[in-house]
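Visitor: I would like to learn how to read a few features of a model. Could you guide me through them?

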Amino acid sequence: MAELCRTDSSLTALDEEMLWEMMEDHRCRIVRSICPSRLTPYLRQAKVLDQLDEEEVLHSPRFTNTAMRVGHLLDLLKTRGKNGAIAFLESLKFHNPDVYTLVTGLQPSVDFTNFSGLMETSKLTECLAGAIGSLQEELSQEKGQKEALLRQCQQLQEYLGQAEARAEALRQLEADHGRMKREVSAHFHEVLKLKDEMLSLSLHYSNALQEKDLAATRCRGLQEELYLMKQELQREKMSSSCEREFRERSLKMTNDLEPGDEELSRLKEENERLRSLTFSLAEKDILEQNLDEALESRQELVNRIHSLREQAMAAERQRKQYWEEKEQTLLQFQKTKVDCEIYKEKMNVLQSQVVELQKERDQAYSARDGSQLEMSQNLAEKDALRRKVFELTDQVCELRQQVQRLQAQAESLPGPKQEPGAREPCPKRKQQLVRMFALCPWDDSDGSSSESQLWSDLSARSSRELVDSFHSSSPVPPSQQSLYKRAAEDFWEDPSSFSGCPETLEVDQGGSLGAKKGDADLDYEIVDREDLPESENSLQLSSGGLHLSASSVPVRRRPARKILGQVTVLAFQGDALLEQISVIGGNLTGIYIHRVTPGSAADEMALCPGTQIMMVDYEATEPLSKAVLEGMTLDRAVRLLQRVNGFCCLSVKVNMEGYKKLVQDLKAKVATSGDSFYIRVNLALERRAEGELQVHCNDILHVTDTLFQGGSCWHAHRVGPYSTKGTEQGTIPNYAQAQQLLIALIQDMAHRSTMARKPSGGAQKLVRIVSMDRTKASPLWSSFDGGQSDPSQVEDPSTVCFWAESYFTLVPYTLVHSHRPSRPRPVLFVPRVVGKILMEKLCLLQGYKKCPAAYLSQEEYDASSQRGDIIQEREASGGRYCVTCSTVESLMGKNTHALLDIQLDSVRVLHKMEIFPIIIHISINEKVAKKFKKALQRLGTTEDQLLEAARQEEGELDKVPCLYSSLAPDSWSDLHALLGCVRLAIADEQKKVVWTE
C-alpha cells in the first residue's frame with residue numbers, strides 16, 4: 001500500500017474503488033480511534049456532509065457508541081464518491097495523523113497548497129481556526145479528565161493492591177482452614193480407631209474378668225479342699241502319732257510276740273491312702289501356678305487399659321484445641337467478609353456521587369449550549385434592528401444637510417429676531433444638567449477641525465461596523481467595538497430621550513470645559529464620546545425646526561436607570577477594574593469603594609471613596625454577566641470584580657454615612673471587615689498551626705472576615721450554645737479549601753482497610769456529608785454563574801450564596817440563622833420506636849402531652865392543605881389522619897411540650913411554620929436494645945427491628961436542617977434513668993439558641 005501512495009497528488013490520481021479499498025482494509029482501526037465530532041466540521045466545509053447528516057451521525061439514538069457513529073459516517077461518505085474519500089483522508093491528516101499514515105503510508109504534512117480543492121481557502125482557514133479552537137478546548141478538557149482519571153486510576157490501583165493482599169490473606173486462611181479440616185478429619189478417624197480398639201479391649205477385659213471370677217471360684221474351692229485336707233492331715237497326724245505310739249508299744253510287744261497278718265494289711269491300706277493324698281497336693285500346686293499367671297495377665301491388661309485411657313484423653317484435648325482454632329478462623333473470616341461489604345458500600349456511595357457530578361456537569365454543558373443558542377438568536381435580532389437604525393441614520397444625515405441649508409438661508413435673510421421669536425411658543429424651564437465631554441475634552445482653537453474629524457471618524461466606524469455586524473450571528477462573543485456601539489445604540493434607541501424638552505439645547509465647548517470633573521451629580525449616564533455613533537451628534541428638537549451649532553457639538557445623554565433610591569448606573573471601560581479601585585465592606589455593610597487610582601477610567605467617571613457598589617454588569621469570559629453586590633461577602637465581591645475586564649456598567653449610590661462608620665470601626669479595630677454571618681461546620685478541622693481554630697463537626701461559627709490574610713482563610717469565632725456571642729476565635733479554611741479537606745477526609749475514610757464497623761454512639765463523629773440538588777439549592781449552594789444564567793435576571797442576595805463558586809455537591813459549611821423561641825418547643829425522638837415508649841411515660845408527667853393525629857375528611861383536608869396547616873399525613877378510609885400546625889400551636893400556647901410522632905422529613909415543614917422542634921437522639925446498640933425487651937414486646941416489635949430502624953433513622957439525621965441532642969448508651973442504666981436524662985436534655989435544649997439552615 002505504501003508503494004502505491006507515495007505523494008499526496010497520487011491520492012487524487014487513484015480511482016474511487018482503490019481509495020475506499022484502502023480505507024476498508026483499515027476500517028477496524030479507523031472505527032476504534034476516530035472521534036466523529038472532530039471530523040464533521042471539516043467535512044461540512046468540504047460539502048460532502050450537510051447539517052442533517054452531521055446531526056444523524058452525532059445525535060441519532062440508533063448509534064449507542066462512537067464506533068457505530070464512525071461506521072455510519074464512512075457509509076455516508078462512501079455514497080459521496082471520490083470526494084468523500086479524499087475529504088475524509090484530508091480530515092485525518094489534521095485530527096488523526098497516525099491513522100492517516102496507516103491508511104495511506106504517507107507522513108502527514110500541513111501544506112496548504114496540496115489540498116484537494118474541495119473548499120475555498122478562506123473557508124478552509126476559518127474551518128481550521130475553528131477546529132483548532134475546538135481542539136484546544138477539547139484538549140484542555142481531556143487533560144483535566146485525564147488527570148482526574150489518572151488520580152482515580154492510582155486510587156483504584158492502590159485499592160486493587162489492598163484487595164489483592166486481602167484476597168491473598170483470605171486464600172491463605174482458606175488453605176489453612178482446609179488443612180485444619182483435613183487434620184481434624186484424620187484425627188477423628190484415629191479417634192474412631194482408638195474407640196474400636198478400646199471396645200475390643202473392653203471385651204477382652206470383660207472376658208478376663210469372667211475368667212478371673214471362674215479362677216477365683218476355683219481358688220476358693222481349692223482353698224476349701226486344702227482346708228479339709230489340712231484337717232484330715234491333722235487327724236491323720238493324730239492317728240499316725242497314735243499309731244506310732246501303738247507301734248512302739250506293739251514293737252515292745254513284738255519283742256515278746258510276732259506281728260499278725262491283719263495288722264500288716266491294715267498298714268498297707270493306710271500307705272496306699274497316703275499316696276493318694278500326695279497326688280491331690282500336686283494338683284494344688286498346678287492350680288496355684290495357674291492363678292499366679294492369671295493375676296499377672298490381669299495386671300498387664302489393667303496397665304494397657306490405663307495407657308489407652310490417657311491416649312484417649314489427650315486426643316480429646318487436641319480435638320477441642322483444633323475446634324477452638326477453627327471457630328477463631330471462622331470468626332476472622334466473617335469479620336473480613338463484613339469489612340469487604342462495608343468497603344463495597346463505600347465504593348458504591350462514591351460511585352453514585354461521581355455519577356451525580358457527571359450529571360451536574362452534563363446539565364451545565366446543556367445550559368451553556370442553550371445560552372449560546374439564545375445569544376446567537378439575540379444577536380441576529382439585534383443585527384436586524386441595527387440595519388434599521390443605520391437606515392434611519394442615513395435619513396438623519398440627509399435631514400442634517402437640509403438643516404444646514406435652511407440655517408444658511410436663514411442667516412442670509414434679514415430679520416435677526418426670527419430666532420428669538422421662534423422660541424417664544426416654547427415655555428422656559430430650568431435646563432437639566434448635561435455632563436459634556438467629561439472624558440475627552442478638546443481646545444476651543446480647533447473646534448471646527450475637531451468637529452469635522454469627529455464626523456469623518458464616526459462615519460468611517462459606522463460603515464465598517466455595519467459590515468461586521470452582518471456576520472455576528474454566530475455564537476462567538478462580539479468584539480469590543482461592537483459592544484461599545486451597542487451600548488451607545490441602547491441610549492439612542494431609548495424613545496424617552498427624544499421627548500425630554502421641546503426647546504433647543506446648545507452647549508458650547510467652553511462651557512463643557514468649565515464643568516467640574518469632580519461633580520457628584522450622577523443623574524445621567526456617561527459614555528466616551530469616541531464610542532458614540534454618527535447618529536448621536538448634535539441633534540436637538542425645537543419648535544422652529546432642527547438647528548446645528550457650528551461652534552459646539554451638543555451630546556445627548558440618556559437619564560440613568562433607577563434601580564433603588566439614589567442609585568445610578570455608570571457605563572465605562574473597566575479594564576482590570578480592581579487596579580482602578582479598591583473596595584472594603586462585606587455582606588453586612590455593603591461593598592464600598594475605598595480608593596480610586598488617579599487618572600484611571602474610574603477616576604474620570606467621578607467615582608470616589610464612599611460610593612457603594614450595588615450591582616455590576618460586566619464583560620468577562622461570559623458576556624453580559626450581572627450580579628448584585630448588596631449582601632455579598634467581601635471575598636466573593638473581590639473575586640467577582642477581578643473577572644471584570646472590559647466594558648462594564650456599575651450601579652452605585654453615595655452612602656457616606658455607612659462608609660464613615662465602617663472606616664471608623666476598621667480603624668478602632670472593632671471589626672476587620674464588613675462581613676458577618678453564621679455557619680454550621682460539617683466536618684472536623686484539626687488545629688495545624690498557631691492561630692487556627694480547632695473545629696468539631698456541627699460547631700456553629702461566626703465568620704467576621706472572608707478576606708483575612710489575603711483571602712487564604714476566614715476569621716471566625718466559636719459560638720456558645722446559649723448565646724450568639726463568640727468565645728474562642730481563630731482562622732478556618734475558606735470554602736474552597738474546606739471542600740478539598742472534606743474530599744480528602746472522605747477518601748481517607750474510604751481507604752482504611754482495617755477499620756471495623758463501630759457501634760452506634762461509640763466514637764466521635766468526624767464528618768457530616770451533605771449533598772444538594774442545584775434546582776433546590778439552599779442559599780449557601782446557589783452561587784452566581786454569569787455565563788450560564790439569564791443576563792436579564794438579577795439574583796437576589798438573600799437567596800444566593802456569597803462565597804460558593806464550585807460545582808461540588810459536598811458542602812463543608814452551611815449558612816445558618818439563629819432563633820430564640822419563647823414558648824415550649826415540640827419534642828421529636830429518634831428512633832421513633834423508642835420515642836413511642838418514652839412518650840407513654842412522659843405523658844404522665846406535667847408539662848408534656850402527646851400531639852394526636854386528627855382525622856380529616858376530604859373537604860377538611862383540602863381546606864387545611866390550602867392554609868398550609870398539615871405537617872404529616874397518612875391515608876385512611878374516607879379521609880386522612882393528619883398532624884396539623886394548629887394542634888401543635890395550641891399545645892405550645894398551653895405552656896406544654898408537644899410530643900410528636902412524625903418522620904424527620906417533616907422538620908423542614910415545621911421550620912417553615914416558625915416551629916422549631918427539639919430532636920432527641922438515643923443511641924442504640926445490641927446491649928441497649930435488650931433493655932427495651934419488655935416494652936418492645938408490648939409494641940409487637942423485636943430487637944432486630946429496633947436496631948434496623950435505629951440505623952436507618954441515624955442516617956437521616958445528617959439531613960435535618962438543625963442541631964440535635966444525642967444521649968450516649970453509657971449515660972443511663974434503665975428506662976427510669978433514661979426518662980430522667982431525656983427530661984434534662986429537653987430542659988437544656990429549651991435554653992439553647994436554635995440554629996436552622
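Visitor: Is Tyr855 buried, partly exposed or exposed?

Guide: The general idea is to look at relative accessible area: partly exposed lies between the under 20% of buried and the over 50% of exposed. In this predicted model, Tyr855 has a value of 39%, so Tyr855 is partly exposed. Tyr881, at 29%, counts as partly exposed too.

Visitor: How do the rings of Tyr855 and Tyr881 pair?

Guide: For a ring pair, read the angle between the planes; over 60 degrees counts as edge-to-face. Here the planes of Tyr855 and Tyr881 are 65° apart and the centres 5.3 Å apart, an edge-to-face pair. Tyr855 sits in strand E14 and Tyr881 in strand E16, so the pair ties together parts 26 residues apart in sequence.

Visitor: How many aromatic pairs does the whole structure have?

Guide: A search finds 8. One of them joins Trp714 and Tyr813, with ring centres 5.6 Å apart and planes at 40°, so this pair is tilted. Trp714 belongs to strand E9 and Tyr813 to strand E11, 99 residues apart. Both Trp714 and Tyr813 are buried, and they form one aromatic cluster with Phe677 and Tyr735.

Visitor: And helices: at what angle do the axes of H5 and H6 cross?

Guide: With crossing angles, over 145 degrees counts as roughly antiparallel. The axes of H5 (residues 51-59) and H6 (residues 66-79) come within 8 Å and cross at roughly 155°, and the two helices are therefore roughly antiparallel to each other. Their crossing is right-handed. Residues making the contact include Val57 and Leu58 of H5 and Leu73 and Leu76 of H6. By class, the contact has 4 nonpolar, 2 polar and 3 charged residues.

Notes. Residues numbered from 1 in each chain as written. Predicted model: local features only at pLDDT ≥ 70, side-chain atom pairs only at ≥ 80, totals over all residues. Heavy atoms only, no water. Axes fitted to C-alpha atoms, helices over the stretch in contact; angles between N-to-C directions. Helix = DSSP H or I, 4+ residues; strand = E, 2+ residues; numbered from the N terminus. Parallel < 35°, antiparallel > 145°, perpendicular 65-115°, else oblique. Left-handed = near helix turned anticlockwise from the far one by under 90°. Contact = heavy atoms within 4.5 Å. Nonpolar A, V, L, I, M, F, W, Y, C, P; charged D, E, K, R; others polar. Phe/Tyr/Trp six-rings, centres within 6.5 Å; stacked < 30°, edge-to-face > 60°. Buried < 20%, exposed > 50% of the residue type's maximum accessible area, 1.4 Å probe, protein only.
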